[in-house]
Amino acid sequence: MEKTDQLKLLKEGFHKTFWVANGMELFERLAYYGQQIVFMIYMRNKLGFTESEAGQLSGMFGGLIYLLPILGGTLADKWGFRRAYNVAFSILGLGYFLIGSVGMSAFSRIYAGMDLYWLMMVFLVFTAFGGSFIKPSVLGTVAVTTTPETKSLGFAIYYWLVNAGAMIGPTIAYFVRDSFGNEFVYMVSAISCLAMLIVNMLLYKEVKGTGPEVVESLGKKIKNLFVVLANTKFMIFLLIYSLYWIIFWQEFIIVPYYITDYIDVNAPYEIIQSWAGAGAIILLQIPINRLSKNIPTRKAILLGFAFSSLIWIIIGISPSIPTIAAGIVAFAIGEMMQAPRYYEYISEIAPAGQQGLFQGYAFLPIAIARFVGDPLGGWLYQSSSRRKTRNGMVCANRNWRSRNFVNVVL
């Protein structure tokens, strides 16, 4: 395709609202991943929770973020995406502010005497409710603001911007926490979401799809959930897939602790994780897709699993900053091999006439992984660590450090 044709496609194949929605998605992901990368350190080092308690809080927040959109999408359809965005960004902005305020001396009198664990649980559940409207709204907007010729490209742009946010957010988080503290990372996330609230009110225009409008009731969504749960083959597949995502989220649960406790307390772990993971996807997704497009779906998924599993082997051999970065890149390559084929496989195993229903539960493995994997990772780290380093002490015995890392992740 000539450059002039490509420019014409970008200009005429996407409604202006497409670019507004994806721009907001970039800043929402920036806010989410920025706070997520510092979450465990913030909970332990600033608020005094154990690693296990921090994992429990992270699991509740992350699990709801990926579970609630199944039901939140119903309200987004009824309200319209513009209104859903208004609700989402208002709650997210306030929620991130409240989470960060718990660690600020200016609010210490307000929270004095309160049970911080349950207070934080309330703040996190509240914030997750706001986040539940984002994915249905942006994915729904992409669907109605693209043409049949540009829809695939539209979702590719969305996926690319998600990873751009996943790289930029933690990078900003590093500079903010290094200069001001982890609690102020949440202020950045709050400001980012409130800024997008203003953008949404000023620039987002509701667009109606050309096809017949079908809005399922909340009761229908719950009924559909039991239809999915009754499909044993599909549920086994989702449970197996959730094990994969449990591994992924340990990059946010175990790796920040391990780097700061046993390698270098001043290491920019936010940049290490985000540039190695999201950065690799941004650079390599298209080439890897082309190399693996002719591999059968099941084999591509298995190869992706196998390649991603190299993360712990690479790191466990000799834990260091370079090997951790290399391990995360290996996991990202495996993710790029299997992730696009995941949705293809769901369409293959879904019963006739239920493809759309089953695709709607594609994020369920991530929700399961967060509910289970985050508390598990926190507990494993806490119970397996032989030496606590809350004050920045670094273990000098490299061989012991290697064995301890293997104990934690295995």
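**Walking through an all-helix model**

Let's start at Met 337, which, setting aside residues within four places in sequence, is in contact with Ile 288, Ala 300, Leu 303, Gly 304 and Phe 307. This is a predicted model, so read every number here as computed from predicted coordinates. Met 337 belongs to helix α16, which spans residues 321-349. Its relative accessible area is 13%, so Met 337 falls under the 20% cut-off and counts as buried. Another residue to look at from here is Ile 295: it sits 42 residues away from Met 337 along the chain, with 9.7 Å between the two C-alpha atoms.

Now zoom out. The protein has 19 helices and 0 strands. Of its 410 residues, 55% are buried. If you take the contacts between residues at least 6 apart in sequence, 84% of them join residues at least 24 apart.

What about the nonpolar interior? The largest nonpolar core holds 108 residues, and the members that touch the most others are Met 43 and Tyr 96. Helix α12, residues 232-263, is the top contributor to this core, with 19 residues. A second core of 7 residues is separate from it, and includes Ala 280, Ile 281, Ile 288 and Ala 332. You've met Ile 288 already, as one of the contacts of Met 337. As background, nonpolar side chains in soluble globular proteins tend to be buried together.

Back in the big core, it's worth clicking on Tyr 96. Beyond its neighbours within four places in sequence, Tyr 96 is in contact with Ala 31, Tyr 32, Gln 35, Phe 61, Thr 127, Tyr 186, Met 187, Ser 189, Ala 190 and Cys 193.

Next, a helix pair. Helix α2 (residues 16-46) packs against helix α9 (residues 151-179) at an angle of about 35 degrees, and their axes are 7 Å apart. The crossing of α2 and α9 is right-handed. Sort the residues of this contact by type and you get 17 nonpolar, 5 polar and 2 charged.

For a residue that touches part of α9, try Ser 274, which is found in helix α13 (residues 269-292). Leaving out neighbours up to four places away in sequence, Ser 274 is in contact with Ala 166, Met 167, Pro 170, Thr 171 and Gly 279. With a relative accessibility of just 1%, Ser 274 counts as buried.

Finally, the aromatics. Searching the whole structure turns up 36 aromatic pairs. One of them joins Tyr 85 and Tyr 204, in an edge-to-face arrangement with 5.4 Å from centre to centre and 65 degrees between the planes. Why is this pair worth a look? Tyr 85 lies in helix α5 (residues 81-101) and Tyr 204 in the loop between α10 (183-203) and α11 (218-229), so the pair ties together parts that are 119 residues apart in sequence. Both Tyr 85 and Tyr 204 are buried.

Stay with Tyr 204 a moment. Its relative accessible area is 2%, although Tyr 204 lies in a loop. Not counting residues up to four places away in sequence, Tyr 204 touches Thr 17, Val 20, Ala 21, Met 24, Phe 81, Arg 82, Tyr 85, Thr 141 and Val 199. Among these, Val 20 is 184 residues from Tyr 204 in sequence, yet 6.3 Å away in space, C-alpha to C-alpha.

Definitions and conventions: Residues are numbered from 1 along each chain as its sequence is written. This is a predicted model: local features need pLDDT of at least 70, side-chain atom pairs count only at pLDDT 80 or more; totals for chains, interfaces and linings use all residues. Side-chain values use heavy atoms; hydrogens and water are left out. A nonpolar core is a set of buried Ala, Val, Leu, Ile, Met, Phe, Trp, Tyr and Cys residues joined through side-chain atoms within 4.5 Å. Buried means under 20% relative accessible area, exposed over 50%, partly exposed in between (1.4 Å probe, protein chains only). Helices (H or I, at least four residues) and strands (E, at least two) are DSSP runs, numbered from the N terminus. Contact means heavy atoms within 4.5 Å. Axes are lines fitted to C-alpha atoms, for helices over the stretch in contact, and angles run from 0 to 180 degrees between N-to-C directions. A crossing is left-handed if the near helix is turned anticlockwise from the far one by less than a right angle, and right-handed if clockwise. Ala, Val, Leu, Ile, Met, Phe, Trp, Tyr, Cys and Pro count as nonpolar, Asp, Glu, Lys and Arg as charged, and the others, Gly among them, as polar. Rings of Phe, Tyr and Trp (its six-membered ring) pair if their centres lie within 6.5 Å; planes under 30 degrees apart count as stacked, over 60 as edge-to-face and the rest as tilted.
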